[in-house]
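User: I am new to reading structures and would like a close look at a single part: a pocket and the aromatic rings that go with it. Please tell me how each term is defined as you go.

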Amino acid sequence: MDNMKKDALRDEIISKVVEYYDLVHRTQQEQPFVPGKSRVNYAGRVFDEKELVNLIDSSLEFWLTYGRYSKEFETKLAAYLGVRFALLVNSGSSANLLAFATLTSPLLKERQIKRGDEVITVACGFPTTIAPVVQYGAVPVFVDVELGTANIDCSMLEEAYSEKTKAVMIAHTLGNPFNIKKVKEFCSRHNLWLIEDNCDALGSKYDGKFTGTWGDIGTSSFYPPHHMTMGEGGAVYTDDPLLKKIALSIRDWGRDCWCESGVDNTCGCRFTRQFGKLPVGYDHKYVYSHFGYNLKISDMQAAIGCAQLEKFPGFVEKRKENFQYLYDGLKDLKSITLFEKYPESDPSWFGFLITLSGNAKFSRNDLAEYLENNLIQTRNLFAGNILKHPCFDHLTEGVDYRVYGELTNTDKIMNDSLWIGLYPGMSKEKINYMISKIREFCS
């Protein structure tokens with residue numbers, strides 16, 4: 001192969017990619033905002049030519065599956081968070097699935113989560129935080145949330161606990177950290193696993209430490225609206241070597257071997273050992289120690305993520321800035337209440353939550369329709385109360401799931417809350433427009 005010709009051709013392709021970005025995407029991003037005519041999306045991709053260059057570079061290699069960009073991203077994400085291990089998967093929902101499935105491994109012995117064991121969580125959030133629990137046959141135990149933070153009400157943890165409880169699996173709502181100190185103390189006291197669904201909170205900190213790294217396993221999502229994107233994608237991270245070993249096995253078909261795709265005998269025992277009831281010397285690449293999945297990501301997606309990760313600290317600061325600007329513009333309104341956070345928290349905000357106060361003379365849908373009619377995109381707080389959804393119609397309370405206390409605040413959020421965007425691509429003009437329309441409606 002003529003390497004000089006190959007390199008010259010690659011360089012020409014990359015230069016054309018940069019030219020294309022300037023012509024198409026940069027032009028689109030620089031379109032002026034026209035109040036009342038331009039749409040204000042709640043989220044969006046923030047990127048430049050570097051993401052496109054990485055994507056094309058990866059596609060020219062045509063490796064397609066997990067590869068060098070995937071390894072680079074895992075290494076850099078782990079370093080950013082300050083954890084030992086990070087594994088890429090194909091979505092945040094798959095990350096939650098993998099995190100929970102890891103804790104069902106027989107390798108964990110007496111701490112293995114088994115069918116019928118209980119997992120404390122909340123009904124106010126995204127469905128795939130609790131879907132793996134239900135699908136496996138464990139029992140989710142739902143407790144209420146605090147109205148101000150929209151996070152778990154820690155005063156209910158002890159009462160929700162039973163001899164069957166094995167774990168707590170909850171999210172940091174819209175980037176707002178839950179009371180990690182109280183949750184960790186509770187989990188430590190009862191020797192429980194803690195899974196932090198960090199999909200909406202990447203970059204948030206509690207007491208100076210990143211969320212997602214306090215528990216046994218953390219998860220992230222890289223879907224386009226999230227803090228950074230690969231299009232689709234997610235990650236699982238942990239400091240525990242055994243949990244990493246199990247997660248890697250379950251992510252990669254459940255195999256026992258840890259040799260990378262296309263690489264043989266890294267383990268040094270490909271044809272020399274005996275596993276289970278298999279014959280001695282059975283190829284280790286085809287020994288399965290777990291019932292697993294194929295949750296890997298493509299290297300092209302990881303290539304985009306590597307470029308995004310370089311920008312990520314700036315994304316976090318912009319989200320904080322936009323949140324504060326929105327908060328200052330709306331905090332005096334009496335008909336709505338705004339997010340609260342703990343003093344120890346430093347949120348990397350995902351969205352701006354608005355809840356109707358007791359003296360509001362309008363409904364949540366009235367406000368949502370007014371904003372949408374004025375081209376401002378709104379979102380409910382995901383499921384609101386997951387127990388009210390058709391997916392729970394065939395489940396029996398006390399058997400398939402358990403509820404401790406009354407989910408009063410959960411229902412309040414379901415009925416009276418919505419959120420609007422504050423992503424890094426949000427201009428001051430758009431934020432001012434949102435503030436003016438909300439004030440206009442509330443007055």
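Analyst: Let's begin with residue classes: Ala, Val, Leu, Ile, Met, Phe, Trp, Tyr, Cys and Pro count as nonpolar, Asp, Glu, Lys and Arg as charged, and the others, Gly among them, as polar. This is a predicted model, where local features need pLDDT of at least 70 and side-chain atom pairs count only at pLDDT 80 or more, while totals for chains, interfaces and linings use all residues. Residues are numbered from 1 along each chain as its sequence is written, and side-chain values use heavy atoms, with hydrogens and water left out.

The part to look at is the second largest pocket, which holds about 560 Å³ of space. (On a 1 Å grid over the protein atoms alone, a pocket is an open set of points where a 1.4 Å probe fits, with protein on both sides within 12 Å along at least five of seven lines; lining residues have an atom within 4 Å of a point. Points are joined across faces, edges and corners, and the volume is the space filled by probe spheres set on them.) Its lining counts 38 residues, and nearest the centre you will find Phe126, Thr128, Asp200, His226 and Phe382. Helix H4 (92–102), strand E2 (118–122) and strand E4 (165–171) are the elements that each give two or more residues to this lining. (Helices, H or I with at least four residues, and strands, E with at least two, are DSSP runs numbered from the N terminus.) Among contributors, H4 gives the most, with three residues. Sorted by class, the lining of the second largest pocket has 20 nonpolar, 14 polar and four charged residues.

Now follow two of those central names, Phe126 and Phe382, into the rings. Together with Tyr42, Phe350 and Trp419, Phe126 and Phe382 form one aromatic cluster. (Rings of Phe, Tyr and Trp, taking its six-membered ring, pair if their centres lie within 6.5 Å; planes under 30 degrees apart count as stacked, over 60 as edge-to-face and the rest as tilted.) By this rule the model has 21 aromatic pairs. In one of them, Phe350 and Trp419 sit 5.3 Å apart centre to centre with 45° between their planes, a tilted pair. This pair ties together distant parts of the chain, 69 residues apart: Phe350 is in the loop between strand E11 (345–346) and strand E12 (352–356), and Trp419 is in strand E14 (residues 417–420).

How well covered are these rings? Phe350 is buried, at a relative accessible area of 4%, and Trp419 is buried too, at 1%. (Buried means under 20% relative accessible area, exposed over 50%, and partly exposed in between, with a 1.4 Å probe and protein chains only.) Trp419 has a second partner in Phe382: the ring centres are 6.1 Å apart and the planes stand at 65°, so this pair is edge-to-face. Again distant parts of the chain are linked, since Phe382 is in the loop between helix H10 (364–373) and strand E13 (402–403), 37 residues from Trp419 in E14. Unlike buried Trp419, Phe382 is partly exposed, at 27%.

To set this part in context, turn to the largest pocket, with a volume of about 700 Å³. Of its 25 lining residues, Gln28, Gln29, Arg45, Tyr423 and Lys430 are the closest to the centre. Helix H1 (3–29) and helix H12 (428–442) are the elements that give two or more residues to that lining, and H1 provides the largest share, four residues. The classes there come to ten nonpolar, nine polar and six charged residues.

Two more aromatic residues deserve a glance for their backbone. Phe62 has a positive phi of about 60° although it is not a glycine. Phe62 belongs to the loop between helix H2 (49–61) and helix H3 (68–81), and it is exposed, with 59% relative accessible area. Trp253, not a glycine either, has a positive phi of about 70°. You can find Trp253 in the loop between helix H8 (241–251) and helix H9 (299–330), where it counts as partly exposed at 41%.

To retrace the path, start at Phe382 by the centre of the second largest pocket, step to its edge-to-face partner Trp419, and then go on to Phe350, the tilted partner of Trp419.
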